[in-house]
Amino acid sequence: MLIRKLFKFESAHIVRNCSSLRCSTSIHGHSYKVEVLLEADALDHGQMVYDFGLMKGNIRDVIDAFDHAICFWDRDEEEYIRLCKQFSARWIAMPVSPSAEQFARLFFVIIDRILQQTVMANGEADIRLHSVIAHETETGYAQAFRHDAYNPRMGEIRLEEIVFSEQCQAEWRDPQLYRKLLAGARFENSTPPRQVP
Ligand SMILES: Nc1nc2c(c(=O)[nH]1)N=C([C@H](O)[C@H](O)COP(=O)(O)OP(=O)(O)OP(=O)(O)O)CN2
């Protein structure tokens with residue numbers, strides 16, 4: 001069974017080398033929508049694949065870091081990157097260009113790691129990240145599946161190479177969140193009170 005949770009953020013970028021001139025030569029913003037799809041073949045003690053509320057923890061926090069941030073490819077021109085950092089307290093450096101496709105892949109890789117490091121506490125069984133959909137506009141989206149996220153032909157995404165500005169990190173509920181993720185820390189889902197009907 002599949003479940004889906006929708007997240008939103010507003011962000012600015014340039015996508016170099018693309019065919020659309022406006023997109024590759026002018027900083028512009030989008031109201032992104034990100035759909036996270038999880039799958040499992042069994043249900044937890046609440047008879048859910050994964051409680052939607054749990055997705056409003058680390059998964060939501062990481063996606064929300066992109067809100068009001070300027071996102072740039074770390075191979076963009078040095079001067080452009082310097083100015084992004086100078087004029088925006090919220091910025092994210094990405095090892096791939098910030099197209100809808102790469103946002104979908106990048107979120108897949110991050111959320112996949114969050115789930116791997118999360119200790120399930122309510123009988124959730126074998127939760128798998130099915131795919132991530134990144135809507136850039138009302139009419140255009142990209143959907144990344146596992147084989148896309150880890151496909152080197154699309155560019156390798158190493159978590160260590162995604163850099164969140166100090167301001168992005170400071171606004172997390174846990175400013176150490178990303179450092180903990182990189183260090184392989186375990187994230188505990190809160191244990192629900194057991195009520196047997
Ligand atoms: N496959 C992709 N194509 C384009 C991307 C992308 O990430 N993946 N990105 C862009 C631009 O960022 C652009 O701003 C969005 O393009 P487009 O859909 O053409 O935007 P419109 O605002 O014109 O949307 P309409 O709904 O068609 O008016 C370009 N292409």
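## Exercises on a predicted model

With 9 C-beta neighbours inside 10 Å, Asn 17 counts as exposed. The structure from which this count was computed is a predicted model, and the exercises below work through its loops, its sheet, one of its helices and the shell around its ligand.

### Exercise 1: backbone and exposure in two loops

Task: Determine where Asn 17 and Asp 126 lie, what sign phi has at each residue, and why Asp 126 is classed as it is.

Solution. Begin with Asn 17, which is placed in the loop that runs between β1 (2-13) and α1 (21-25). Asn 17 is not a glycine, yet its phi is positive, at about 70°. Next take Asp 126, found in the loop between β5 (118-119) and β6 (128-135); phi is positive at Asp 126 too, at about 55°, although Asp 126 is not a glycine. Finally, a residue is exposed if 12 or fewer other C-beta atoms lie within 10 Å of its own, and Asp 126, with 10 of them, is therefore exposed.

### Exercise 2: Val 15 and Phe 7

Task: Assign Val 15 and Phe 7 to their burial classes, and list the contacts of each beyond its neighbours within four places in sequence.

Solution. Val 15 lies in the loop between β1 and α1 and has 19 C-beta neighbours inside 10 Å, so Val 15 counts as partly exposed. The threshold for a buried residue is 20 or more such atoms, and Phe 7, a residue of strand β1, is buried because it has 20 other C-beta atoms within 10 Å. With neighbours within four places in sequence left aside, Val 15 is in contact with Cys 23, Ser 24, Ser 97, Pro 98 and Ser 99, while Phe 7 is in contact with Val 34, Val 36, Arg 60 and Ile 63.

### Exercise 3: the sheet and its helices

Task: Give the strand order of the open sheet, identify its edge strands, and state which strands α3 and α4 touch.

Solution. The sheet is open, has seven strands with mixed pairing, and follows the order β7-β6-β2-β1-β3-β4-β8. Its edge strands, each pairing on one side only, are β7 (141-145) and β8 (163-164). Within the sheet, β3 (residues 69-73) and β4 (residues 91-94) are paired in the parallel sense over four bridges, and Ile 70 has Trp 91 in β4 as its bridge partner. Helix α3 (residues 78-87) packs on the sheet, where it touches β3 and β4, and its direction makes about 165° with that of β3. Helix α4 (residues 100-116) also packs on the sheet, touching β2 (28-39), β4, β6 and β7, with a direction that makes about 150° with that of β6.

### Exercise 4: the length and burial of α4

Task: Check the span of α4 against its number of residues, and explain why α4 is described as largely enclosed.

Solution. At 1.5 Å a residue, the 17 residues of α4 should span 24 Å, which agrees with the 24 Å between its end C-alpha atoms. Of these 17 residues, 12 are buried, so α4 is largely enclosed by the rest of the structure; among the buried residues are Ala 100, Phe 103, Phe 107, Phe 108 and Leu 115.

### Exercise 5: the ligand shell

Task: Describe the shell around the ligand by class, and name the residues that come nearest.

Solution. By class, the shell has four nonpolar, six polar and three charged residues. Of the 13 residues around the ligand, those that come nearest are Cys 23, Ser 99, Ala 100, Thr 139 and Gly 140.

Key
Residues are numbered from 1 along each chain as its sequence is written. This is a predicted model: local features need pLDDT of at least 70, side-chain atom pairs count only at pLDDT 80 or more; totals for chains, interfaces and linings use all residues. A residue is near a molecule or strand if its C-beta atom, placed from the backbone, lies within 6 Å of it. Ala, Val, Leu, Ile, Met, Phe, Trp, Tyr, Cys and Pro count as nonpolar, Asp, Glu, Lys and Arg as charged, and the others, Gly among them, as polar. Two strands pair if DSSP finds at least two bridges between them. Two residues are in contact if their C-beta atoms, placed from the backbone, lie within 7 Å. Axes are lines fitted to C-alpha atoms, for helices over the stretch in contact, and angles run from 0 to 180 degrees between N-to-C directions. The expected span of a helix is 1.5 Å times one less than its number of residues.
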